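Student: I would like to learn how to read a protein–DNA model. Can we go through one together?

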2 protein chains.
Amino acid sequence: MNSWDEIRTAYHVARMGTVSGAADALGVHHATVIRHIDALEQRLGAKLFQRHARGYTATEAGEDLLRVAQTTDDQFSQLTNRIKGRGAEVAGELVVTSVESMGPQLVPVLAEFQAQHPQLSIRYLTGSRLLRLEYGEAHVAIRAGNPPDQPDNVVQPFFRMKFAMYAAKSYGRRHGFPERKEDLRKHRFVAFDETGARAPFSRWLRDHVPAENVVFVSGDSRVLENAVYAGAGIGFLPVYGAVQRDDLVRVIDPDDSWTVPVWLVTHVDLHRSAKVQALLSHLKAQIKRWDVE
Amino acid sequence: MNSWDEIRTAYHVARMGTVSGAADALGVHHATVIRHIDALEQRLGAKLFQRHARGYTATEAGEDLLRVAQTTDDQFSQLTNRIKGRGAEVAGELVVTSVESMGPQLVPVLAEFQAQHPQLSIRYLTGSRLLRLEYGEAHVAIRAGNPPDQPDNVVQPFFRMKFAMYAAKSYGRRHGFPERKEDLRKHRFVAFDETGARAPFSRWLRDHVPAENVVFVSGDSRVLENAVYAGAGIGFLPVYGAVQRDDLVRVIDPDDSWTVPVWLVTHVDLHRSAKVQALLSHLKAQIKRWDVE
DNA sequence: CAGCGAGTGTTCGATTTTGCACAGGGTGCG
DNA sequence: CGCACCCTGTGCAAAATCGAACACTCGCTG
């Protein structure tokens, strides 16, 4: 069945009982209404209305159409109300994604945000696969490293994640802690499996430590964290997470060159919605939590 | 909400996932689809789809629309199936109207017809007010007297209703029965309250019987019938109904000049439908029942 | 890495749709 | 009984819509 507009026209004729009344209600000329009805009846091969001097009265088929189109009209107006109101309220679903290493920092913040908006359901997706905003897979993405440069995305700086070099106390009991820069050559390290050396501190490591001293390598940041905790070696950890553990010792203080910028990324189509804006402002309010030395 | 066609377009885009696919399904150019979506989104003030190089993926609002429009599509196709199939089968409602005096003859015939078509529901309307076919108030009308001459109505002769003059036996016991034409002047009569004398036999009565002998007058034919039954006077009754009562005596045999033609009238728009045709042929098959002397 | 296919988006001319003016007819009221 | 009003119906011009062609982007494959 094609041409839903003609059904809508017939619906108003059946409701009003006259072509002119329907034309007024639809905001079109009555000639248009007549043509729509004629076309629709011809396609259906049945008369929808009895024409007479006082107007159009619906036949059985016309009354059947009236009933169906009535509910359709109701459903469509409800739909438009939902869609129009959707942007205004913080409700529905909100999909957030980030690299998995940020989970421990993000989860409590997201939980707090959800508590402030009970109508909202949050999906926090982490994974090796980068969820793509332009396919609608996520509403807000938190990305680290170089500023993302997708044309349809709106990118804003979130905060700067400071890294320092840590070792577990258990490591110090076995190997001691390096006290001077030269001591580093005699220690063992854990590091990212990034031969491309994207993170700034992995380049630093390559420059200051012989490759054979890197004894534990993984692509998963949480694995590296746990390797440091277990005393497998010295490694870079985000300051925010490390200060909360008393089994760690800071070997080298944070350096500006190690800092990784973190970005808030949204698709341009969703950036204006109240839902996304509320989350963004909530996230930015939490920056100071993570701005520790 | 106006422009249901744009909703239909958006529905197909959400279903297909691409503009081109929706354009194929709709049989229009893909530029048209893009314009529809743009217009709809602008009116709604919300994005329905995320645009990317591989197609369009529905946002929350778009998926909401998909669900609503899906059911709408189903209901519309069911509706068109019903309407297209309606003419072919004898089902639904069938409104028949006639002058009320024909009820006793018509009701058993209509009941039999209904029994042959269980899907059909018959409304047999009688009333002083003439139901108008061109307003869709009835599908089939049974009219007596002069041939109806409405332009949009298709009229065909049904049968010729014979009248004769009857009196109740109780009347005969009190006043005797007229045996010769001259005796009529001494008897009492019941007659229609038609000063215009539409029925042919009421003109006959005026010519052969003094006005003061007409002692019972009514505009309701059933009242007149009962007046004859009660012995109030001699009166014209249809032969078909009178022969079934053994308390009546025929005073004068039917005369051709008293015969009233009866017509089957349908509106031209409904005349072709199987439902109406079935009733018409069924009615015509019953003529012989009423063709009694 | 270059070519190819699929898909989006935009512009311009053609076609369809729409609106306007007017004619015709029925109904009701004074 | 006539008149005024409301409704339907129809040609014609204007406007909005649609379709064809082209440019561009992305992802896949040999």
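Tutor: We take the two chains first, then each DNA strand.
Tutor: This is a predicted model, where local features need pLDDT of at least 70, side-chain atom pairs count only at pLDDT 80 or more, and totals for chains, interfaces and linings use all residues. Residues are numbered from 1 along each chain as its sequence is written, chains are lettered from A and ligands numbered from 1 in the order written, and side-chain values use heavy atoms, without hydrogens and water.

Student: By what turn and shift can chain B be laid on chain A?

Tutor: Copies are superposed by least squares on the C-alpha atoms of residues with pLDDT of at least 70 in both. Here the turn is 179°, the shift along the axis 0.0 Å and the RMSD 0.7 Å. The two copies are thus related as by a two-fold rotation axis.

Student: Through what surface do the copies meet?

Tutor: Contact means heavy atoms within 4.5 Å. Of the interface residues of chain B, 100% are also interface residues in chain A, so the copies meet through the same surface.

Student: Which residues come nearest to DNA strand C?

Tutor: A residue is near a strand if one of its heavy atoms lies within 4 Å of it. Around DNA strand C there are 21 residues, and A:His29, A:Thr32, B:Val19, B:Ser20 and B:Tyr56 come nearest. Sugar and phosphate make up 63% of the strand C atoms within 4 Å of the protein.

Student: Where are polar contacts to DNA strand C?

Tutor: A polar contact to DNA is a pair of N or O atoms within 3.5 Å. A backbone N or O atom of B:Val19 sits 2.5 Å from a phosphate oxygen of DNA strand C. The side chain of A:Arg54 has an N or O atom 3.1 Å from a sugar or linking oxygen of this strand. B:His30 places a polar side-chain atom 3.0 Å from a base oxygen of strand C.

Student: And which contacts involve DNA strand D?

Tutor: A polar side-chain atom of A:His30 is 3.0 Å from a base oxygen of DNA strand D. For A:Tyr56, a side-chain N or O atom lies 2.3 Å from a phosphate oxygen of strand D. B:His36 has a polar side-chain atom 3.3 Å from a phosphate oxygen of strand D.

Student: Which element gives the largest share of the surface near DNA strand D?

Tutor: Helices (H or I, at least four residues) are DSSP runs, numbered from the N terminus. H3(B) gives the largest share, four residues.

Note on methods
Polar contact = N/O pair within 3.5 Å; in protein donor to acceptor, adjacent residues only side chain to side chain. Helix = DSSP H or I, 4+ residues; strand = E, 2+ residues; numbered from the N terminus.
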